[in-house]
Amino acid sequence: MLKVNQINVYYGAIHALHDISFEVKQGEIVSLIGANGAGKSTTLNAISNLLPTASGDILFMNQSIRKIPAYQLVGLGLAQVPEGRRVFSRMTVLENLEMGAYTRHEPGHISQDLELVYSHFPRLKERRKQVAGTLSGGEQQMLAMGRALMSRPKLLMMDEPSMGLSPILVQEIFTIIQQINQGGMTILLVEQNAHMALNISHRAYVLETGNVVKSGPSQELLVDADVQKAYLGT
Amino acid sequence: MTLFLSQLINGLHVGIIYALIALGYTMVYGIVKLINFAHGDIIMIGAYTAVITLSTLGWSAPVALLAAIALCVLFGITIERIAYKPLRSSPRISSLITAIGVSMLLQNLALLIFGAASKPFPTVLNVPPLRFSGIQISFVTVLTIVVSVLLMALLQGFVKTSRAGKAMRAASEDYKTAQLMGINVNTTITLTFAIGCALAGIGSFLYCMAYPAVSPTMGSLPGLKAFIAAVLGGIGIIPGAMLGGVVMGIAESLTKAYISTQMSDAVVYGILIIVLLVKPTGLLGKITREKV
């Protein structure tokens, strides 16, 4: 579904991503793990074309999307839950969800999807008229995920969904991510919390200073000595 | 009491024009974080368009108004494309200086084309003033207030409920995330400039009906006042611009009536300073904190 081929990204003179390549297949959860500054978010932003890619190519459903402007990617089926949730804090929960469905024009389907999102996140329904800035961090994460789902994506990319959340909430959010995947959604997950990410994903890639240093089935990486030492603290 | 009421209405008249112009400042600031100092000169462009179409070409007032709106919008969009868009990712000070440059360019172009002498704005409405139990209100005042209130209600409805209006609010909060929703931020910015300039076009027509002299620098003062109104109400907040404009207009008019004519600007700026000292985000401004 998604194929990233040897992409390079620069921040000015800083070479942030070195020939990064990886792949996400239909129905998978793939996680990118690594320390702060390893280039995980940069990779997602390069796929979304919020950052320009200097070389290499990105194929989504066998189509090169490297030169397609960010705002057109949602329409192709690529949705991103940005780092730090980035909900529209002065808009209501419902309006945020509506913005997720911005590119869609069938009102009937939108209300169906709204119900689907509410079924994953009942708390959003209770708070639909509330301004998003007044939600708790966990609720904002749910809103950011629900908002992305409203576009009916083929691939859902999530950037650090566990950031700043209590362990119980992290558990809750990851359970929901698994449920969404079991419903047929392909997911690319970026996480610093390697343990949680490896537990729910099928395959994973380990990033270090802008390079892919290891990859494989998540269950194997969970028992890999290097990964355990560097990321799992065991 | 009669004096007070009629001054209040006068203040409302000027204030609501400030508010119309202030909306352009605040909407543009909301989305591109730029104080568009050329916005005042858009008023001048609207005024010249109206004066030429009315006096020289002999067009009727509604057509002249439409021409003024059209030219204001055209100038606004073009200025954004040529002068501001290339600087969107540069430091804010660059676009601020550019805006001042554009303002000077427009004023001096007008000076070159039309000369320094001011042109009289023709009387477009010859309706006797209305009387309500001793208070005399000019028809222009009534028209200005009614038209402006209507426009603001329309704008508020558009921003609150329409798809494009919601996209505008989303982009003004976070333009990167707005792109992730599929919003074309460039189109949204163009639309914002267009709406702001259309309001300035209408504002310029109403302003000229009250102060019928058109000159190359005529936009500076109402532009500055409207900018202050936008800051007073809370920059980036649409109802704030409306409130700020009206508060300023009324303060100005009451100072002129009860304290001194020369002091009116000082009092208005004084109010701004006090409000900003007490509430730095403006009357309706809110401080937003990030939640974890």
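Let me start with a definition: the bend at a residue is the angle between two axes, one fitted to the seven residues ending there and one fitted to the seven starting there. Keep that in your pocket for a minute. Also, please remember that what we have in front of us is a predicted model.

Now, where do we use that angle? Look at helix 1 of chain B, which covers residues 2–32. This helix has a kink of about 25°, and the kink is centred on Ile21(B). From its first C-alpha to its last, helix 1 of chain B reaches 45 Å with its 31 residues, close to the 45 Å expected at 1.5 Å a residue.

Is this helix mostly covered or mostly open? Mostly covered, as 23 of the 31 residues in helix 1 of chain B are buried. And what follows the helix? That is Lys33(B), with a positive phi, near 55°.

Let's stay in chain B and pick a single residue, Ala110(B). You will find Ala110(B) in helix 4, which runs over residues 92–114 of chain B. Why do we call it buried? Because 22 other C-beta atoms lie within 10 Å of Ala110(B), and the cut-off for buried is 20 or more. So who are its partners? If we leave aside the neighbours within four places in sequence, Ala110(B) is in contact with Met44(B), Tyr48(B) and Pro216(B). Have a look at Asp41(B) too: Asp41(B) and Ala110(B) are 69 residues apart in sequence, while their C-alpha atoms are 9.7 Å apart in space.

Over to chain A. Here we have ten helices and ten strands. The radius of gyration of chain A is 17 Å, close to the 17 Å from the globule rule for 234 residues, so chain A is as compact as a globular protein of that length. Along the principal axes, its C-alpha atoms fill a box of roughly 45 × 40 × 30 Å. Of the 234 residues in chain A, 46% are buried. And if you take the contacts in chain A with a separation of 6 or more, 67% of them join residues 24 or more positions apart.

Finally, let's bring the two chains together. The contact between them takes 25 residues from chain A and 18 residues from chain B. Which elements of chain A give two or more residues to this side? Those are helix 2 (70–76), helix 3 (93–100) and helix 6 (137–149). Sorted by class, the side of chain A that touches chain B has nine nonpolar, twelve polar and four charged residues.

Thanks for listening!

Methods. Residues are numbered from 1 along each chain as its sequence is written. Chains are lettered from A and ligands numbered from 1 in the order in which they are written. This is a predicted model: local features need pLDDT of at least 70, side-chain atom pairs count only at pLDDT 80 or more; totals for chains, interfaces and linings use all residues. Two residues are in contact if their C-beta atoms, placed from the backbone, lie within 7 Å. Helices (H or I, at least four residues) and strands (E, at least two) are DSSP runs, numbered from the N terminus. Ala, Val, Leu, Ile, Met, Phe, Trp, Tyr, Cys and Pro count as nonpolar, Asp, Glu, Lys and Arg as charged, and the others, Gly among them, as polar. A residue is buried if 20 or more other C-beta atoms lie within 10 Å of its own, exposed if 12 or fewer, and partly exposed in between; C-beta atoms are placed from the backbone. The radius of gyration is taken over C-alpha atoms; the globule rule is 2.2 Å times the number of residues to the power 0.38. The expected span of a helix is 1.5 Å times one less than its number of residues.
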